[in-house]
Every structure is written in C-alpha cells, then in structure tokens.
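Hi everyone, thanks for making time this morning. I'd like to walk you through one model, starting at the ligand and then moving to one strand.

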Amino acid sequence: MASPVIIRTAEFVTAAVKPEQYPTDPLPEVAFAGRSNVGKSTLINCLLQRKKLVRISRTPGRTQTINFFLINSAFYFVDLPGYGYARVPEAIRASWRPMVETYLGSRKHLSGIVQLFDLRHPPTVDDLKLWGWLQSVRIPTLPVLTKADKVRPAQRLSHTHRAADMLGIPSAQCVGFSALTGKGRDMVWETLLKWMGLSAAGKAPTAEPDS
Ligand code: GDP
C-alpha cells in the first residue's frame with residue numbers, strides 16, 4: 001500500500017538522556033509513547049516504511065533513551081522509552097519519569113504526541129497516568145490503539161469504546177492500527193502532518209515544510 005508521505009530519508013540521529021543531548025535544529029517533531037511491547041517500534045517503522053529503523057524490541061523495557069530520527073531532513077520522530085514493563089529493574093523504572101517529563105516539558109518544537117494503547121486490553125494504570133498528564137499540560141495527543149488485527153472484528157468496536165471511555169474522549173478520536181494490514185497508518189500521518197504544519201503536495205505529499 002502506497003504511503004501518503006514519501007519518505008526520502010529516515011535516519012537515526014541520536015539517543016539522549018538529557019536536554020543537552022537533544023538535537024538543536026528548529027525542526028518540528030512528534031513523539032511516540034507507550035508501554036513496552038505495545039507496538040511502538042512497529043508503528044514507527046510502518047509509518048516510515050522501514051523494516052528495522054527502530055529496533056523491534058527483543059528485551060522489552062531495556063531501551064531507556066530518547067531516540068531521535070530525522071525524516072526527509074524536515075522533521076523529527078522521537079521514540080520515547082517504553083514504560084510499565086514488570087521485569088524492568090526499579091532503578092530504570094524510576095529514571096523514566098524525570099527523563100520523559102523533562103523532555104515533554106522543555107521541547108519547544110514538539111508538535112504532538114502519539115500515545116499507543118494495546119487494543120486487546122483496557123488502558124493500564126501507567127497508560128492513564130501518562131494520558132492524564134499530557135492532557136493537563138495540553139500537549140496535543142493522538143491515541144492509537146495497536147494490534148487491531150489481534151482482536152476479533154466483532155469485538156473491535158467494543159474494545160475501542162472501552163478505551164475511549166477510560167480516556168474520557170469520543171471513540172472517533174482513537175485510531176485503530178494494525179501493522180499487518182496497514183489499517184490506521186494514513187490517519188496517523190494525517191494528524192502528524194497537520195500538527196507539524198507540513199503540507200501534502202497533491203496526491204503524493206512529500207512532507208516538505210510549507211514555504
Ligand atoms: P515496542 O516495545 O512498543 O516497540 O513494541 P514492538 O514494536 O517491538 O512490538 C512488540 C511485539 O508486538 C512484536 O512482536 C511485534 O511484531 C508485535 N506487533 C506490533 N504491532 C503489531 C500489530 O499491529 N499486529 C500484530 N499482529 N503484532 C504486532
């Protein structure tokens with residue numbers, strides 16, 4: 001399936017744990033957050049049409065850096081460390097919150113956050129805490145419900161309603177996503193381009209900034 005955005009270049013730029021390590025060029029960026037194993041690497045790779053740009057996690061919860069990817073020399077994708085994985089050592093868990101809050105609170109060019117939830121299960125306590133915090137600081141957030149292909153079609157709607165109810169939003173605001181079928185990918189792109197003020201040129205947008 002053709003992507004609505006032509007990805008000419010997608011490169012890993014840096015892994016940061018503190019603001020001094022963040023890229024300094026004033027390009028718009030969007031960040032991706034979710035509990036470990038929710039499908040965050042898979043979603044980012046699917047959006048970028050790269051199989052392994054973001055490593056699909058073998059040991060969930062071990063990646064505790066903020067990873068910056070430069071796309072088309074025009075904007076950044078930021079992969080925030082996954083949270084909530086039970087087997088992660090306490091010290092690593094404790095470092096998640098200050099690292100992520102510092103990032104979210106200090107990034108001037110952050111256009112919005114994609115927060116991922118597993119469609120199979122109700123949002124977790126950790127999911128709801130992050131969601132509530134993002135709402136309170138008024139960062140635009142797109143809820144993406146992953147692994148839709150793993151839920152029987154007859155149950156997808158009720159699972160979506162359940163998640164939306166717990167997030168306190170209409171279910172139409174949630175995007176169901178499946179990496180197997182590509183379902184939801186174009187809707188996610190639509191929101192990201194809008195947030196970043198990037199235009200779609202004709203039918204095959206190139207994700208170049210408006211000039
Ligand atoms: P992360 O820890 O959030 O980055 O999660 P990953 O992207 O590594 O995904 C965790 C596991 O879920 C991997 O085995 C993926 O192949 C699988 N997965 C992710 N998204 C989907 C999806 O949409 N459908 C299915 N069937 N599996 C998925």
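Let me begin with a definition: I call a residue near the ligand if one of its heavy atoms lies within 4 Å of it. And please keep in mind that this is a predicted model.

So, which residues come nearest to the ligand? There are 16 residues around the ligand, and Asn37, Ser41, Thr42, Asp149 and Ala179 come nearest. Let's look at some polar contacts. A polar side-chain atom of Thr42 sits 2.5 Å from a ligand oxygen. With Asn37 the backbone does the work: one of its polar backbone atoms is 2.8 Å from an oxygen atom of the ligand. Then there is Lys147, where an N or O atom of the side chain lies 3.1 Å from a ligand oxygen. As for cover, the ligand taken alone exposes 580 Å², and the protein buries 80% of that.

Now to strand 6, residues 141–146. Is this strand buried or exposed? Here 6 of the 6 residues are buried, so strand 6 is largely enclosed by the rest of the structure. In a regular strand, side chains alternate between the two faces of the sheet. In our model, Thr141, Pro143 and Leu145 point one way from strand 6, while Leu142, Val144 and Thr146 point the other way, and all are buried.

What about the neighbours? Strand 5, residues 110–118, pairs with strand 6 in the parallel sense over 6 bridges. If you want a spot to look at, find Gln115, which stands opposite Pro143 in strand 6. To get from strand 5 to strand 6, the chain passes through helix 3, residues 125–136, and this β-α-β crossover is right-handed.

Strand 6 also runs parallel to strand 7, residues 175–176, and 2 bridges join them. Here Leu145 stands opposite Gly176 in strand 7. Strand 6, helix 4 (residues 153–167) and strand 7 again make a β-α-β unit, and it is right-handed.

Let me finish with one residue of strand 6, Thr141. Why do I call Thr141 buried? Its relative accessible area is 16%, and buried means under 20%. A polar atom of the Thr141 side chain lies 2.8 Å from the backbone oxygen of Ile139. Leaving out residues up to four places away in sequence, Thr141 touches Ile113, Gln115, Trp131, Leu134, Gln135 and Trp195. You may remember Gln115 as the residue opposite Pro143.

That's my tour, and I'm happy to take questions.

How values were computed. Residues numbered from 1 in each chain as written. Predicted model: local features only at pLDDT ≥ 70, side-chain atom pairs only at ≥ 80, totals over all residues. Heavy atoms only, no water. Buried < 20%, exposed > 50% of the residue type's maximum accessible area, 1.4 Å probe, protein only. Helix = DSSP H or I, 4+ residues; strand = E, 2+ residues; numbered from the N terminus. Pairing = 2+ DSSP bridges. Right-handed = clockwise from strand over helix to strand, strands pointing away. Polar contact = N/O pair within 3.5 Å; in protein donor to acceptor, adjacent residues only side chain to side chain. Contact = heavy atoms within 4.5 Å. Areas by Shrake-Rupley, 256 points an atom, 1.4 Å probe, with all protein chains shown as cover.
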